[in-house]
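Biologist: I've got a new model open and want to talk through its fold. Can you pull it up so we can both look?

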Amino acid sequence: MKKEELNITWLYPDVLNLHGDRGNVMALKKVGEMLNLEVNIKRVDSYSQKIDFDNTDIILINPGEVKVISKIVDVLNKQKEELDKYVEDNKIILAIGTSGAILAKTVEYLDKTKINGLGYLDMEVIRKRYCIWKWCFIYIKRRWKHWNCRKSNTINWCKSKQRKSSWKSSLWNG
């Protein structure tokens, strides 16, 4: 009897490699195997490489530097119809960390330039820099007022800046 398949498309792993997130792929593969699924991982390494949305169950987008977001949005917009169908079919996009900005409506950089994201999430991403005494922090403020504090030594600072959520949910939910 043939195993059911789980097809994961891993977008631009050499560009979106901020944290060396190969572990997410390994974890998805392991869980799939534990569920007795045949897990197929297809890497999309080049911006010119077409994405096979029809044979994809999960799109994995690892975190990367914010400066590459505009290029990735441009590349994905070239296959926007296929991507729209993929989203309408309720298939999974697993966007981790900074790559979530790709799915936002807009992204504003530190120099105040704005780009359009893909618009799948009702979210505006604003990068800001704050300095308190000798510490400078760059965070991403999302439209719904969650604060993204990446370093553990900023926990107390983040606690005082929260609006609607607890500091724990902001740290762990990005």
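Biologist: Which handedness does the β-α-β unit made by β1, helix α1 and β2 have?

Modeller: Keep in mind that this is a predicted model. Start at β1, go over α1 (residues 22-34) and come down into β2. Strands β1 and β2 run parallel, joined by seven bridges. The β-α-β unit they make with α1 is right-handed.

Biologist: What is the order of the strands in the open sheet of four?

Modeller: Build it up from the pairs. β1 pairs with β2 (residues 38-44) through seven bridges, and with β3 (residues 58-61) over four bridges. β3 in turn pairs with β4 over four bridges, again in the parallel sense. That gives an open sheet with the order β2-β1-β3-β4.

Biologist: Which strands stand at the edges, with one side left without a neighbour in the sheet?

Modeller: An edge strand here has a single partner, so one of its sides has no neighbour in the sheet. Going along, the twist averages 20° from one strand to the next. The edge strands are β2 and β4 (92-95).

Biologist: And the register: which residue in β4 does I59 stand opposite?

Modeller: Some landmarks on the way across: I8 stands opposite I41 in β2, and W10 has L60 in β3 as its bridge partner. Carry on to β4, and the residue opposite I59 is I93.

Biologist: How many of the seven residues of β1 are buried?

Modeller: Strand β1 covers residues 5-11 and is mostly covered. One of its residues, L11, is in contact with V44, I59, L60 and L76, among others further off in sequence. The count of buried residues in β1 is six.

Biologist: What angle does α1 make with β2?

Modeller: α1 lies across β1, β2, β3 and β4. For another helix on the sheet, take α3, which touches β3 and β4 and makes about 105° with the direction of β4. For α1 against β2, the angle is about 155°.

Biologist: How far apart are the end C-alpha atoms of α1?

Modeller: α1 has 13 residues, and at 1.5 Å a residue they should span 18 Å. The model agrees with that expectation. Just after the helix, N36 takes a positive phi of about 65°. The end-to-end distance in α1 is 19 Å.

Biologist: Which helix gives the largest share of the largest nonpolar core?

Modeller: That core has 27 residues, and L11, Y12, I69, L76 and I102 have the most contacts inside it. The elements giving it two or more residues are β3, α2 (69-77) and α3 (80-88). A second, separate core of eight residues includes L6, W10, V39 and L60. The largest share of the 27-residue core, five residues, comes from α2.

Biologist: Is E108 buried or exposed?

Modeller: E108 is found in strand β5 (residues 106-108). Beyond its neighbours in sequence, it touches T113, K114, V125, I126 and R127. Its relative accessibility is 13%, and the cut-off is under 20%, so E108 counts as buried.

Biologist: Last one: how many helices and strands does the protein have?

Modeller: Along the sequence the pattern reads β-α-β-β-α-α-β-β-β-β-β-α-α. Of the 174 residues, 39% count as buried. The tally is five helices and eight strands.

How values were computed. Residues are numbered from 1 along each chain as its sequence is written. This is a predicted model: local features need pLDDT of at least 70, side-chain atom pairs count only at pLDDT 80 or more; totals for chains, interfaces and linings use all residues. Side-chain values use heavy atoms; hydrogens and water are left out. Buried means under 20% relative accessible area, exposed over 50%, partly exposed in between (1.4 Å probe, protein chains only). Contact means heavy atoms within 4.5 Å. Two strands pair if DSSP finds at least two bridges between them. A crossover is right-handed if, with the strands pointing away from the viewer, the path from the first strand over the helix to the second runs clockwise. A nonpolar core is a set of buried Ala, Val, Leu, Ile, Met, Phe, Trp, Tyr and Cys residues joined through side-chain atoms within 4.5 Å. Axes are lines fitted to C-alpha atoms, for helices over the stretch in contact, and angles run from 0 to 180 degrees between N-to-C directions. The expected span of a helix is 1.5 Å times one less than its number of residues. Lists of a residue's contacts leave out its neighbours within four places in sequence.
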